[in-house]
Structures are given as C-alpha cells and as structure tokens.
Amino acid sequence: MISKAVSVRELIEDFHLTNVVPNADDSRNITVTDINRPGLELTGYYQHTELKRIVVLGNKEIEYINTFTDKAHFKEPFAMISSSEVPCIIITNNNVCPPDLYVAAKKNKTAILLTNLKSSQFITSLTLFLSEAMAPSLSLHGTLLEVSGVGLLLLGASGIGKSEIALDLVRRGHRLVADDSVEITYVSNALYGKAPEVLKRVIEVRGLGVIDVTNIFGISSYKERQQIDYVIQ
C-alpha cells in the first residue's frame, strides 16, 4: 500500500481556512496525523517536541500569551512553533493572531490559518480528515458491493462474471460501491473501498455496455464507500 501526504493548500481549501501570512509556503506537506497543542513549548520546554505536527492554538494558549505584557518572553517559543519544519499553525475560536507570532511565522514562511470553530470540534474533524486522506491505499481489479449491510469484494480474472453478479445483486435490492476498479484504504484497522471518480455508479456488462445503476434502480442502489468485510475469489 502507498502512504500519502496532504499539503497545507489542500487543508485550507477543505476547511475554508483564512491564511494571514501572505508569503507563507502553502505547498508544505503534512506527513503525520498527530496535532501539537504547544502548552509546554510556550513555557520554553522543548523536549520531545515533534516539529512535523500541525500546531493548534486555542483559547487556553492565546489567553496564556496575552497574560504577558513583555512579549520578549515568547521570542524563542514563537520561533520554535513557527519553524520551517512545522507544516502550519492553526488558531481556533476566532482568536486574533499574536503580532510577534505573525512576525516569526512570516520570517519562516509558515502559514497561520484561522478558523471560527472550537478547538475540540476542529481537532476532531482535522484528525479524521488527515487519517482518511493519508491512509495507505492501493487499487485492485474487482467489484465491491454492500449486500445486506456487509461489504463483499469480488476478485477474479477479467471477464469471469464479477460485473454480471454485481448487476444481479443490485437488481435484488443490494448496493453497488465499485465495479472494475476498487480504491482501497486502510483506516483504523479496517479496509474501506470506493470507486475511482470516473467509474462511480457504473457497471460495465458484456453485451449491455456501461450502465449507470442509479438511472435504472434509483439512488439507493449505489453507496459511496464501504468497509470490506469479506473477499470472494
């Protein structure tokens, strides 16, 4: 399976974030799904700090920063959490970016992204998004269906009848997920499959051609994504 990375630019687009650093390098890749809430780093403690994590600043961190009138205290911490190795910094709850952090981030070309979501809500959504987007994946020749709530992946030589079986099952009220090519990802100790964008909702059957199952059997005959429970050769 191939592991993938997500760019900061993709994150901005998917979560509709606002970047306040105009010269930021939004092509940086995010390679780990863990998040850094830099409470200890703001106090000057850097042992075990993982720079490749996204930094998230919420109410607690911003309020702690604002308790100091002398912001020189944060010169080193701000340089650390805005390092060029850090993918980006995200500030939640509509908090205002501290001016000295902006200066440090601009120097290192590190994006500072703003969201109005609460920290817990945003981190939950972000972790789920990264886990799925960066999950190891592969593409297999096969057919995936949901049969009575169970994910069945049919494998076999080309022309052996996988698509005909799929069409017959869809006729009986079960659901197509993918035919011919199945994109499989490994997320949270389970395998999930879906169809490539160009093959969504369609089955190619010899003698009939390409069939859009939703046009014939209705929208309920197709499912976007399904956990794979059984593989049938």
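Select residues 202–205 and 209–212 in this predicted model. These are strands β12 and β13, which run antiparallel and are joined by four bridges. Within the pair, V202 stands opposite D212 of β13. The two strands form a hairpin with three residues between them. In that turn, select G207, whose phi is positive at about 90 degrees.

**A second hairpin**

Next, select residues 175–187 and 190–194, which are strands β10 and β11. Their pairing is antiparallel and extends over five bridges. To locate one of the bridged pairs, display T185 together with its partner in β11, Y192. Here the hairpin has two residues between its strands. The residue to label in the turn is S188, with a positive phi of about 50 degrees.

**The six-stranded sheet**

Now extend the selection to the open sheet of six strands, whose order is β14-β11-β10-β8-β9-β15 and whose pairing is mixed. The edges are occupied by β14 and by β15 (230–232); each has a single partner strand, so one side of each lacks a neighbour in the sheet. On average, and with direction ignored, neighbouring strands of this sheet are turned by 40 degrees against each other.

Proceed along the sheet from β14, selecting residues 225–227. β14 and β11 run antiparallel, with three bridges joining them. Display G193 and Q226 here: G193 stands opposite Q226, which lies in β14.

On β10, move to its pairing with β8, residues 137–147. This pairing is antiparallel and comprises ten bridges. L138 and I184 of β10 stand opposite each other. Add helix α7, residues 162–171, which packs on the sheet and touches β8, β9 (150–154) and β10. The direction of α7 makes about 35 degrees with that of β8.

**The five-stranded sheet**

Leave this sheet and select the other strands of interest: an open sheet of five, in the order β2-β7-β6-β5-β4, again with mixed pairing. The edge strands to highlight are β2 (18–19) and β4 (35–36), each of which pairs on one side only.

Within this sheet, select residues 54–57 (β5) and 88–91 (β6). These strands run parallel and are joined by three bridges. V55 can be displayed with the residue that it stands opposite, I89 in β6.

**A helix pair**

Select residues 8–15 for helix α1 and residues 119–133 for helix α6. The two axes come within 12 Å and cross at roughly 125 degrees. That angle lies outside the range of 65 to 115 degrees for roughly perpendicular and is not over 145, and α1 and α6 are therefore oblique to each other. The crossing of α1 past α6 is right-handed.

To view the contact itself, show side chains for L11, D14 and F15 in α1, then for F122, S125, L126 and F129 in α6. By class, the contact residues divide into five nonpolar, one polar and one charged.

**The whole chain**

Finally, restore the full protein chain, whose secondary structure comes to eight helices and 15 strands. Its radius of gyration is 23 Å, well over the 17 Å that the globule rule gives for 233 residues, so the chain is more spread out than a compact globule. Along the principal axes, the C-alpha trace spans about 75 × 30 × 30 Å.

How values were computed:
Residues numbered from 1 in each chain as written. Predicted model: local features only at pLDDT ≥ 70, side-chain atom pairs only at ≥ 80, totals over all residues. Heavy atoms only, no water. Axes fitted to C-alpha atoms, helices over the stretch in contact; angles between N-to-C directions. Parallel < 35°, antiparallel > 145°, perpendicular 65-115°, else oblique. Left-handed = near helix turned anticlockwise from the far one by under 90°. Contact = heavy atoms within 4.5 Å. Nonpolar A, V, L, I, M, F, W, Y, C, P; charged D, E, K, R; others polar. Pairing = 2+ DSSP bridges. Rg over C-alpha atoms; globule rule 2.2 N^0.38 Å.
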